[in-house]
Amino acid sequence: MTVRLSVVSYRTPVHNDWCPGCGDFGILSSVQMALADLQIPPHQVAVFSGIGCSGKTPHYINAFGIHTLHGRVLPFALGAKLANPSLTVLAVGGDGDGLGIGAGHFVNTGRRNVDITYIVFDNGVYGLTKGQASPTLARGLKTKSLPKPNINDAINPIAIAVAAGYTFIARGYAYDTKHLKELIKMGIQHRGSAFINVLQPCPTYNDITTKEWYAGEDRVVEGKPLPRIYKLEDEGYDGEVKSADFDEMNAKKIQAITKSFEWGDRIPVGVFYRNNFIPSYEDRITENIKDYYSNPPAKQAIASADGRTIVSIDDILKEFLV
Amino acid sequence: MGSTKISWMIGGAQGTGVDSSANVFSRAAAIYGLNVFGKREYYSNIKGEHSYFSVVISDGPVRSTMDEVHLLATFDSETVVRHAWEVMGGGGIIYDSMAVNEKITSIPTLEKPVLERIQMRLSREGVGETVGDVLEVARRGGVRLYPIPYMELLKKVGELTGEQQLSALSRMTNTIAVGVSLSLLSIPMNHLETALSQVFRAKAKVVKSNVLAAEVASEYVKNHFASDFPYRVEPRAKTKKLFISGTSAVALGKIVAGCRFQTYYPITPASDESVYLEDHQVFDIYHEYPHLKEVEELNGHGSIVVVQTEDEIAAINMVSGAALAGARASTATSGPGFDLMAEGLGWAGMNEVPVVVTLYQRGGPSTGLPTRHEQGELLFSIFGGHGEFPRLVLASGDIEEAFYDVARAFNYAERYQTPVVHILDKALANSNMTVDVFDPSKIRIDRGKLITSWDTSLGTYKRFKFTEDGISYRTVFGTENGIFWNTGDEHDELGHITEEPSLRDRMMEKRMKKLEIADAEIPDSERVILHGDYDAPYLILSWGSTKGAIIDAIEYLASEGLRFAFAQVKLVNPFPTRFLQNLMTQYRKLIVVEQNFTGQFALLLRAKTGVQADHLIVKYNGRPFSFSEIRDGLKEAVIHGSPRIVKRSGG
Ligand SMILES: Cc1ncc(C[n+]2csc(CCOP(=O)(O)OP(=O)(O)O)c2C)c(N)n1
Ligand code: SF4
Ligand SMILES: [Mg+2]
C-alpha cells in the first residue's frame, strides 16, 4: 500500500514560536513541500539543526528531528549519514551558527562531499540572542539592536562554499517558496554536499535587508517597485560542470565566485555551481570497504542471538603472537 | 615461587630506530618464553631528541618497569650520559668504544639542568667531563663496562652482506646493540631472527642483514666478554602469548565489541588507536552463526568506518550522529581534545545517546607534557561539562583489562543510554607487554532497550517516555513509526522543547535515575578488583594504570614481611561507595596511590565516603610510577608515616 504523502505528512502539532512575518516560515514550508514532492517517507529523513531561531526547525517537521548544538549541526548530520547512507539527511541552521561558531565544520564538510543538504538561514543577525551582527552583515551597517555600526566585514558564504569544495551551491529567498522548494529538491537529489544559502528577512532585528528592501520598494520606477532579487536561470547563467575536465571545473568555480559578489542593486538567486564529477565521501569509502552501502555501520549485525561477538580476530592476532 | 626480573634499557635519538630495536629485543625475549613489560619515553619531537625504552623481562609475571637498570644498551653518547646513573652495581653498560672521549658539553640535546646535575656529580667524583668519565664513575660503583667497536663491527657486516654504503650499514647499529644485549643475557639468537622477521614484515633483505649484524655482535661478545654478565633469566613453561601495546589492544577491543564507527582528531597518544583501526578496517566474521540472516548478509567480514575529523568537537558530535543512526560509535582522544568535547558530551547525556569516549590522559594542563604520562583527568571525566547529566567512567588497570573493558563500556552506554568515558592514559597506551591471548568468547554484547520496530497499537512512540528505571525504548533513524526528536534544550517525552518546571524535574530525575540503576545493577566484582593480601593491615586504593607497579611492589614487599591489600577501583562513576565503605573499615591505614598533584581520587573518596586516606603517594613529573617507587613509597607510608609522598624518578 502506498499512501501519497502530502505536505501535511511532514507537519507536527508543535507550537511554532517564530515572530510573525519571520522568513523562517517560508524556509520551513519549502522543506516540507520538497519532501512531499520527492515522496520521501518521514522515517527515512533526518533533519538536523544548530542553535538559534532557525535551530527550532526540526521540531516543526515530522521526520527524525535533531536539534543539536550551536555551530555543530554538520558533524552530527555527517555522522548519521555515514553510519546509514540510505537516509536523506538535511542540515539547517543560522548564519551565525554555520558561518561563525561553526565555520570550521562548514569548510571541512566541503572537503568530504558527503551526500547531505545544508540550508543556511541568512538573516544577517543573531536572532535568538537578540540581534547582534552575524558574519554576513556588511561593514558599516547598523541594524536595529546594534549599539554601533558593524565594524567587521561580511563574509561571502557562496564563495567560501566554492573554495571549500561543495559540489552543489545555490542561493534561495525565503519568501519565494516555490523557487526555494525546487532548489531544495535539487540539493537532496544531488549526490554530494549541497549548500543552499537562503536570504531570510528577520523583521524583528534586521531593519536593513528587509522583505521590502529585497522587493525594491524603496526604488519605485513608473509606480512599480524594482525588485533586487533576480533568478540566475532567467538570465541564462549556467553553473553546471559538463565534463570532468579540470579547466572547465575551475572556470565554473571562478564564474560562481564572481557571480556571488554581485550584491546591492541586483541580487542573484538560483544555482551558482553544480558538479557531478566529484565522488561522494561514501563512494570514497567503498574503495576501502567494498560492501559499505549494503552493510554500513548502522546496519551491521555485531552479535549472535545470545550476545556473543561474531568477530573473529584470529587473523589479526597473528601479528602480536609470541 | 620467586621470580627473577631483569631490567634492560635502550636509548638514542628519536628517529634512529630505538623503537624498533626495543621491539625486536622484547619480542625475542617473549618468543624465548619470558614475560615482558616495556614502556616508551619520548619527547614531543620527531627527529633528534632523546628517547628511550625501558624493558623488564622475567620468568614470572611482570607489570611495571623498575628504576634500577641491569643492562643499559647505548649506541650514542647522550644515552650513556643520561642513564649510566640508573645502572645498578653488578649491572652493565654497552657503549660505543669510540665515543669515550666526547665531551658531555658537546651534546646539544641535553637540557641545561640535566647537564649541570651531571657536571656536579662528576666534579664530586673528581673526574673530567667526558663520556669516559661518566663510565668511570659507573665502574667505581660496580658497573661492568662493555665497550663495543660499532664502526669496526659494521664494516664486518658490510663485508659479509656486500653492503658498501655507510648510511645503510649504520642503520644496523642498534641491531648490534640488541645482539650484544641478548648474548650477554644468554638469550638464544634464533629467537632474534623470528623477532626481526615479525617487526620488519615482508622485508626479507632487511631481516637477513640484521640477522648477520646480530651474529657479528654475538661473536664479538663470545670472544671478549664470555659469560661475564651475572644476570640471566630462563623461561619456565612456554605458552602462546600476545606482545601488544595498549592502543592496539583497545582497537581490537572495539572491533570485537561491535564498534563500527570511530572518529578522531590526531593527538598523542590517542591517535595510534584510530590509525590502527583504519589499518584494520575490514575484519573477519565467524562462520558459526549462519542461522542469523543479518550475520549471513555480512558475507564473512565486518567493517568499521574511521573518520579523521577537523577537530574534536566534530569528533564527538559525529559520534552522536552515528549512534543515533544505530551504530556502536566512539572517539578516542587525550586531554586537550577531551576539553573540546565537553559540550558534545553533555548533549549526548541530555539526549540519552550511547557514545563511548576513549580518553588517554597525558601530562596537563594545557599542552602540558604531550608525550608523557599523568592521571590528571579523573575529576574532569566525571564532572566535566556544564550542567548535570549521567555518565559512567570506567578505568582500566592494564592492557589486558583494557581489551575486555571496551565491550563493557559499550554495554554500559547502550544499557543506560548515556555517554561512557573509558579512561586510560599514556603509560597504558605506549607500553607493550606479554598478555594471555585475548579470548573474544568471554565477551557479551548487550544493546539494552534498543528496538528495531515500533508497534503503533501501543500508542505513539515516545523516545523519552517516563519509565520505572528511567530508561526508555530506543529506536534509530530509519525505524518506521519510530520517529523521535532530540534537543539540547530540556524536552518532553517526544523530545520537543519544554521549560515547564514539573516536566523539567521529572526529566532531570529520569536521566539521573539511570545512574542509580547502574549503581544498583553493576556487580561489585566489575567495579572494584581486590589484589594482594586481604587480611593485611594496610589497604592501598588506586585506579588505572598504577595497577601494575602496585601489584609488583606488594608482591615484593610480601617477601620482606610487609603485607598490603589493594583495591583497584575500575568504575569510578558511579562510585562504588558502599563497597568501599565496608571494605575500608577493616584496615588500619589507607594509602591512595595516583599520578597527579592534587590527589583527585583521594578527594573523590572523601567526598563519596567521608573517609580521608592516611597517606597519599603521588607523582606528576610525567613519568609513570616504577615498581621501585611504589615499593619505597609504601615503606615510607607505613614505616615513617609520611602523609604525602611525592615520587620523582624517570628520565
Ligand atoms: C556555545 C554557545 N555559545 C553561545 C550560544 C548562544 N546563542 C544562542 S543562539 C545564538 C546565535 C544564533 O544566531 P544564528 O545562528 O544566526 O541563528 P538565528 O537565530 O539568526 O536563526 C547564540 C550566540 C550558545 N547557544 N552556545
Ligand atoms: S528574531 Fe528574527 S529570525 Fe528570530 S524568529 Fe524573530 S524574526 Fe525570525
Ligand atoms: Mg542568523
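**Exercise 1. The metal site**

Which protein donors surround the magnesium ion (ligand 3), and how far from it do they lie?

*Solution.* The model is a predicted one, and the steps below describe that prediction. In it, the protein donors of the magnesium ion (ligand 3) are A:Asp95 through OD, A:Asn123 through OD1 and A:Val125 through O, at 2.1 to 2.2 Å from the ion. Along the chain, these donors follow the spacing D-x27-N-x1-V. The next step is to classify accessibility, for which buried means under 20% relative accessible area. A:Asn123, at 9% relative accessibility, therefore counts as buried, and A:Val125, with a relative accessible area of 2%, is buried as well.

**Exercise 2. The open sheet of chain B**

Determine the strand order of the seven-stranded open sheet in chain B, identify its edges, and place the helices that lie across it.

*Solution.* The order is β11-β8-β12-β13-β15-β14-β21, and the pairing is mixed. At the edges stand β11 (305–308) and β21 (571–573) of chain B; each has a single partner strand, so one side of each is left without a neighbour in the sheet. From one strand to the next, the twist averages 25°.

The partner of β21(B) is examined next: strand β14 (residues 392–395) of chain B pairs with β21(B) in the antiparallel sense over two bridges, and B:Val393 has B:Asn573 in β21(B) as its bridge partner.

Two helices can then be added to the picture. Helix α14 (residues 335–350) of chain B lies across β12 (328–334), β13 (356–361) and β15 (420–425) of chain B, running at about 140° to β12(B). Helix α16 (residues 399–415) of chain B lies across β8 (259–264), β12, β13, β14, β15 and β21 of chain B, and runs at about 160° to β15(B).

**Exercise 3. The nonpolar cores**

Which residues touch the most other members of the largest nonpolar core?

*Solution.* This core has 100 residues, and those touching the most other members are A:Phe48, B:Phe477, B:Leu541 and B:Leu580. Taking B:Leu541 as the example, and leaving aside its neighbours within four places in sequence, its contacts include B:Ala567, B:Leu580, B:Met584, B:Phe601 and B:Leu605. Apart from this core lies another, of 84 residues, among them A:Leu317, B:Ala332, B:Phe410 and B:Ala413.

**Exercise 4. Salt bridges**

Compare how the partners are placed in the salt bridges A:Glu248 with A:Lys252, B:Arg236 with B:Asp59, and B:Asp533 with B:Arg563.

*Solution.* Over all chains, the structure holds 63 salt bridges.

1. The side chains of A:Glu248 and A:Lys252 meet at 3.4 Å, N to O. Because they are four residues apart in helix α8 (residues 246–260) of chain A, about one helical turn separates them. A:Glu248 is buried at 18% relative accessible area, and A:Lys252 is buried at 14%.

2. In the pair B:Arg236 and B:Asp59, the closest N and O atoms are 3.7 Å apart. The pair links distant parts of the chain, 177 residues apart: B:Arg236 is in the loop between α9 (204–225) and β7 (241–245) of chain B, and B:Asp59 is in the loop between β3 (50–58) and β4 (69–73) of chain B. B:Arg236 is partly exposed at 36%, whereas B:Asp59 is buried at 17%.

3. For B:Asp533 and B:Arg563, the closest N and O atoms are 2.7 Å apart. B:Asp533 lies in the loop between β18 (528–532) and β19 (538–543) of chain B, and B:Arg563 in the loop between α20 (547–559) and β20 (564–569) of chain B, 30 residues apart. B:Asp533 is partly exposed at 26%, and B:Arg563 is partly exposed at 36%.

Technical notes: Residues are numbered from 1 along each chain as its sequence is written. Chains are lettered from A and ligands numbered from 1 in the order in which they are written. This is a predicted model: local features need pLDDT of at least 70, side-chain atom pairs count only at pLDDT 80 or more; totals for chains, interfaces and linings use all residues. Side-chain values use heavy atoms; hydrogens and water are left out. Two strands pair if DSSP finds at least two bridges between them. Axes are lines fitted to C-alpha atoms, for helices over the stretch in contact, and angles run from 0 to 180 degrees between N-to-C directions. Contact means heavy atoms within 4.5 Å. A nonpolar core is a set of buried Ala, Val, Leu, Ile, Met, Phe, Trp, Tyr and Cys residues joined through side-chain atoms within 4.5 Å. Buried means under 20% relative accessible area, exposed over 50%, partly exposed in between (1.4 Å probe, protein chains only). Donors are N, O and S atoms within 2.8 Å of the metal (3.2 Å for Na, K and Ca); water is not among the atoms, so sites may look incomplete. A salt bridge is a side-chain nitrogen of Lys or Arg within 4 Å of a carboxyl oxygen of Asp or Glu.
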